[in-house]
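Visitor: Hey, I've got a model open and could use a quick tour. Mind if I throw questions at you as I go?

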Amino acid sequence: SFHSSGAGPDSMDLERYYVDVINGLRGSETLGRQNKAIQSLVDVFLECSAEGWDGYDASPISEAAFYEARKFIESLPLISSIPMPEIIPEPNGEIGFEWSTGTRQIFVASVSGANEIVYAGLFGTNKKHGVEYFGDSLPSEITDNLNRLYF
């Protein structure tokens, strides 16, 4: 079951969302890749939403970062040749996403709930990094870098 230290309206919304996700997942034999990624995100959030979740002094992942990460996953292109990312909790309270196709072929992005995506890519000997505003849709720089990795 879902445990929250907060009792505000955001916590209540998150709890309802969590229950909806779990019930939806239980009701489906074959999950889409996006649903599996969202389930992984929920698991990461639940495991890492307390201070010191890493056994040291990691910042908790905030509800704002969780919602932004969900929006990020839901904004990714549903193209069979681009897999859903690995979801990685970061000690600074951000949620990271990682794609890798081999040695020196990696793209990472992270969100913190501040309407920004911080990203970096290594494509052989070429490097790319930056920060993009995350509004209603995924910035083209993110999809361009994913295309660079997979096409």
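Visitor: Let's start with N115: buried, partly exposed or exposed?

Guide: N115 counts as partly exposed, because its relative accessibility is 35% and the partly exposed class runs between 20% and 50%. One thing to know up front: this is a predicted model.

Visitor: Okay, where does N115 sit, and what's its phi like?

Guide: N115 lies in the loop between β3 and β4. Its phi is positive, about 60°, although N115 is not a glycine.

Visitor: What sort of connection do β3 and β4 make?

Guide: A hairpin, with four residues between the two strands. G113 in that turn also has a positive phi, of about 100°. The strands themselves pair in the antiparallel sense over seven bridges, and V111 has I117 in β4 as its bridge partner.

Visitor: And what about the link between β2 and β3?

Guide: β2 and β3 form a hairpin too, with two residues between them. R104 is in that turn, with a positive phi of about 60°, although R104 is not a glycine.

Visitor: How accessible is R104?

Guide: R104 comes out at 42% relative accessibility, so it counts as partly exposed.

Visitor: How do β2 and β3 line up?

Guide: Strand β2, residues 95-102, pairs with strand β3, residues 105-111, in the antiparallel sense over seven bridges. I95 stands opposite V111 in β3, and W99 has F107 as its bridge partner.

Visitor: Zooming out, what's the strand order in the sheet?

Guide: The order is β1-β2-β3-β4-β5, an open sheet of five strands with antiparallel pairing. At the edges are β1 and β5 (126-133), each pairing on one side only. From one strand to the next, the twist averages 20°.

Visitor: Which strands does α3 touch?

Guide: α3 packs on the sheet and touches β1, β2, β3 and β4 (116-123). The direction of α3 makes about 35° with that of β2.

Visitor: And what comes right after α3 in the chain? I clicked on L76, so where is that?

Guide: L76 is in the loop between α3 (63-75) and β1 (86-89).

Visitor: Is L76 buried or exposed?

Guide: Buried, because its relative accessibility is 6% and the limit for buried is under 20%.

Visitor: What does L76 touch?

Guide: Leaving out residues up to four places away in sequence, L76 touches M84, P85, W99, L138 and L146. W99 is the residue we met as the bridge partner of F107 in β3. The C-alpha atoms of L76 and S137 are 9.1 Å apart, with their positions 61 residues apart along the chain.

Visitor: Switching to α2. What end-to-end length should that helix have, and what does the model give?

Guide: Helix α2 covers residues 33-47, which is 15 residues, so at 1.5 Å a residue it should span 21 Å. Its end C-alpha atoms are 21 Å apart, which agrees.

Visitor: Which residues of α2 are buried?

Guide: Q34, A37, I38, L41, V42, V44 and F45. Seen down the axis of α2, its buried residues fall within an arc of 165°, so they line one face of the helix.

Visitor: L46 isn't in that list. How accessible is L46?

Guide: L46, also in helix α2, has a relative accessible area of 29%, so it is partly exposed. From L46 to P60 is 14 residues in sequence and 10.0 Å in space, C-alpha to C-alpha.

Visitor: What's the overall layout of the chain?

Guide: There are four helices and five strands, and from the N terminus on they run α-α-α-β-β-β-β-β-α. Buried residues make up 38% of the 151 residues. Of the contacts with a separation of 6 or more, 47% are between residues 24 or more positions apart.

Visitor: Last thing: what's the average pLDDT, and where does it stay under 50?

Guide: The chain averages a pLDDT of 87, and 79% of the residues score at least 70. pLDDT stays under 50 over residues 1-5, where the model has nine contacts beyond four places in sequence. It also stays under 50 over residues 26-31, with three such contacts. Where pLDDT is low, the predicted coordinates should not be read in detail.

Notes. Residues numbered from 1 in each chain as written. Predicted model: local features only at pLDDT ≥ 70, side-chain atom pairs only at ≥ 80, totals over all residues. Heavy atoms only, no water. Expected span 1.5 Å × (residues − 1). Buried < 20%, exposed > 50% of the residue type's maximum accessible area, 1.4 Å probe, protein only. Arc of directions from axis to C-beta. Contact = heavy atoms within 4.5 Å. Pairing = 2+ DSSP bridges. Axes fitted to C-alpha atoms, helices over the stretch in contact; angles between N-to-C directions. pLDDT = per-residue confidence, 0-100.
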